[in-house]
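Biologist: I'd like to know how words like "buried" or "cavity" get attached to a structure. Can you walk me through it?

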Amino acid sequence: MSDAPGPAPRAESAPLVEVEHLVKHFPTRGGWGKNREVVRAVDGVSFTIRRGETLGLVGESGSGKTTVGRTLLRLIEPTSGRVRFDGVELGSLTSGALRRLRPRMQIIFQDPYASLNPRLSVGEAIAEPLRVHGLARGPELERNVVSLLDRVGLPSSARDRYPHEFSGGQRQRICIARALSVKPSFIVCDEAVSALDLSIQAQVLNLLRDLSDDLGLTYLFITHNLNVLRSIADRVLVMYLGQVVESATVEQLFSAPGHPYTRALLSANPSPDPLAAFDPVSLEGEIPSAVHPPSGCRFHTRCPEVFEPCPTIIPSNHLVNREPPHRVLCHLAEDAA
Ligand code: SF4
């Protein structure tokens with residue numbers, strides 16, 4: 001992947017997605033009533049995504065980032081919290097109204113092969129959402145499919161072939177065309193390039209960036225790979241055990257990471273520059289159970305900088321830089337003057 005600096009900063013625009021205190025707890029198996037334990041997958045997450053912005057969401061497996069993406073789209077119901085999309089509170093919508101809004105909010109998954117029905121030709125797979133939502137039929141449907149294939153860099157002849165005849169990168173292009181077919185304004189990309197080789201990853205990221213520029217798309221880009229975010233995101237949220245521990249612009253995150261967890265993730269992230277100074281921070285052990293998250297700071301059991309208050313006192317979210325805002329959930333962080 002290229003070490004090109006992140007995308008040029010975009011002008012401030014109105015929020016498209018507003019998330020307030022989003023919580024998703026999954027009941028565990030066993031136990032009854034009040035004795036039943038819960039997995040605290042997402043535990044009070046708030047953020048805003050502006051129109052045309054790409055917000056990155058990064059963290060280890062088990063941090064809750066995928067649950068945020070799916071709860072936000074209401075593919076799973078939140079336990080509590082509010083999500084507003086284009087000013088409309090999703091929790092207040094009837095199922096019919098939510099269905100009508102669905103085309104505007106799409107998702108692209110990690111495994112393009114599993115996302116495509118092997119029995120449908122590529123043309124049928126792309127046409128399916130258009131048919132389901134009654135957006136096109138007959139010759140117009142055919143024209144749309146060819147135009148979408150062209151938009152994602154595939155020939156019109158791909159229409160009559162089947163997913164297994166394509167490489168992983170081409171299959172992800174087909175999934176992108178399918179997501180674009182219903183003219184969304186917001187797409188959740190859930191580890192959308194993680195299964196691809198580095199060179200193919202870069203091509204698909206370029207395509208997603210071009211689509212965002214040309215069509216004004218807004219992305220929530222979920223990944224465990226900070227290098228991927230460096231090349232596509234405007235801002236980044238770092239998640240650990242169901243909470244956002246740092247939020248910053250890409251530049252702030254890479255030049256002055258404020259949270260020890262972010263520093264450890266960056267340290268584990270191979271730099272594309274072999275001559276770059278390397279001062280690794282070790283991150284011991286696995287992410288703890290989200291059924292019984294550690295007391296105080298949730299990161300204290302693995303933090304290389306843990307000190308006296310961390311195991312017992314919950315840290316505040318410090319605004320370490322005002323403009324652009326940079327927030328860090330840690331006792332060591334200090335509010336900007
Ligand atoms: Fe580490 Fe303490 Fe900061 Fe948590 S609050 S990240 S344990 S220094």
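What follows is a chat about the labels used for this structure and the reasons behind them.

Modeller: One thing up front: this is a predicted model.

Biologist: Fine. Why is Ser63 called buried?

Modeller: Buried means under 20% relative accessible area. Ser63 has 0% relative accessibility, so Ser63 counts as buried. You'll find Ser63 in the loop between strand S3 (54–58) and helix H1 (65–72).

Biologist: And what makes the side chain of Ser63 a partner of the backbone oxygen of Glu60?

Modeller: Look at the distance: a polar atom of the Ser63 side chain lies 2.8 Å from that backbone oxygen of Glu60. The cut-off for a polar contact is within 3.5 Å, so a distance of 2.8 Å fits.

Biologist: Next, Arg171. Why does Arg171 count as buried?

Modeller: The value for Arg171 is 17% relative accessibility. Since the limit is under 20%, Arg171 counts as buried. Arg171 lies in helix H6 (residues 168–180). Arg171 and Val39 are 132 residues apart along the chain, and their C-alpha atoms are separated by 34 Å.

Biologist: What about Lys183: buried or exposed, and how do you know?

Modeller: Exposed means over 50%. Lys183 has 67% relative accessibility, so Lys183 counts as exposed. Lys183 lies in the loop between H6 and strand S7 (186–190).

Biologist: What makes the phi of Lys183 worth a mention?

Modeller: Phi is positive there, about 55°, although Lys183 is not a glycine. Glu191 also has a positive phi, near 55°, and is a residue other than glycine.

Biologist: Where is Glu191, and why is Glu191 called buried?

Modeller: Glu191 is in the loop between S7 and helix H7 (198–215). With a relative accessible area of 9%, set against the limit of under 20%, Glu191 is buried.

Biologist: Asp197 lies in the loop between S7 and H7 too. Which label does Asp197 get, and why?

Modeller: Asp197 has 57% relative accessibility. Exposed means over 50%, so Asp197 counts as exposed. The C-alpha atoms of Asp197 and Thr223 are separated by 15 Å, with those positions 26 residues apart along the chain counted as their spacing.

Biologist: How do you know which label Pro324 should have?

Modeller: Pro324 comes out at 35% relative accessibility. Buried is under 20% and exposed is over 50%, so Pro324, in between, counts as partly exposed. The place of Pro324 is the loop between strand S11 (317–321) and strand S12 (326–329).

Biologist: What makes the peptide bond from Glu323 to Pro324 cis?

Modeller: Its omega is near 0°. As for distances, Pro324 and Asp43 are 25 Å apart in space, C-alpha to C-alpha, and 281 residues apart in sequence.

Biologist: Now the empty space. How do you find it?

Modeller: Rolling a probe the size of a water molecule over the atoms shows where empty space is left. Here the count comes to one cavity of 30 Å³ or more. The largest cavity holds about 70 Å³ of space.

Biologist: Why is it called a cavity?

Modeller: The word is used because a 1.4 Å probe fits there but cannot get out. The lining of the largest cavity includes Val306 and Phe307. That lining divides into nine nonpolar, two polar and one charged.

Biologist: What takes up the space of the largest cavity?

Modeller: The ligand does. Among the residues that surround the ligand are His259, Cys297, His300, Cys303, Cys310 and Cys330. The shell around the ligand divides into seven nonpolar, three polar and one charged.

Biologist: What makes Glu305, one of the residues surrounding the ligand, a charged residue?

Modeller: Glu is on the list of charged types, along with Asp, Lys and Arg, so Glu305 counts as charged.

Terms used
Residues are numbered from 1 along each chain as its sequence is written. This is a predicted model: local features need pLDDT of at least 70, side-chain atom pairs count only at pLDDT 80 or more; totals for chains, interfaces and linings use all residues. Side-chain values use heavy atoms; hydrogens and water are left out. A residue is near a molecule or strand if one of its heavy atoms lies within 4 Å of it. On a 1 Å grid over the protein atoms alone, a cavity is a set of points where a 1.4 Å probe fits but cannot get out, and a pocket is an open set with protein on both sides within 12 Å along at least five of seven lines; lining residues have an atom within 4 Å of a point. A molecule sits in a cavity or pocket if more than half of its atoms lie within 2 Å of its grid points. Grid points are joined across faces, edges and corners, and a volume is the space filled by probe spheres set on the points. Helices (H or I, at least four residues) and strands (E, at least two) are DSSP runs, numbered from the N terminus. Buried means under 20% relative accessible area, exposed over 50%, partly exposed in between (1.4 Å probe, protein chains only). A polar contact is a pair of N or O atoms within 3.5 Å; within protein, one must be able to donate a hydrogen and the other to accept it, and residues adjacent in sequence count only if both atoms are side-chain atoms.
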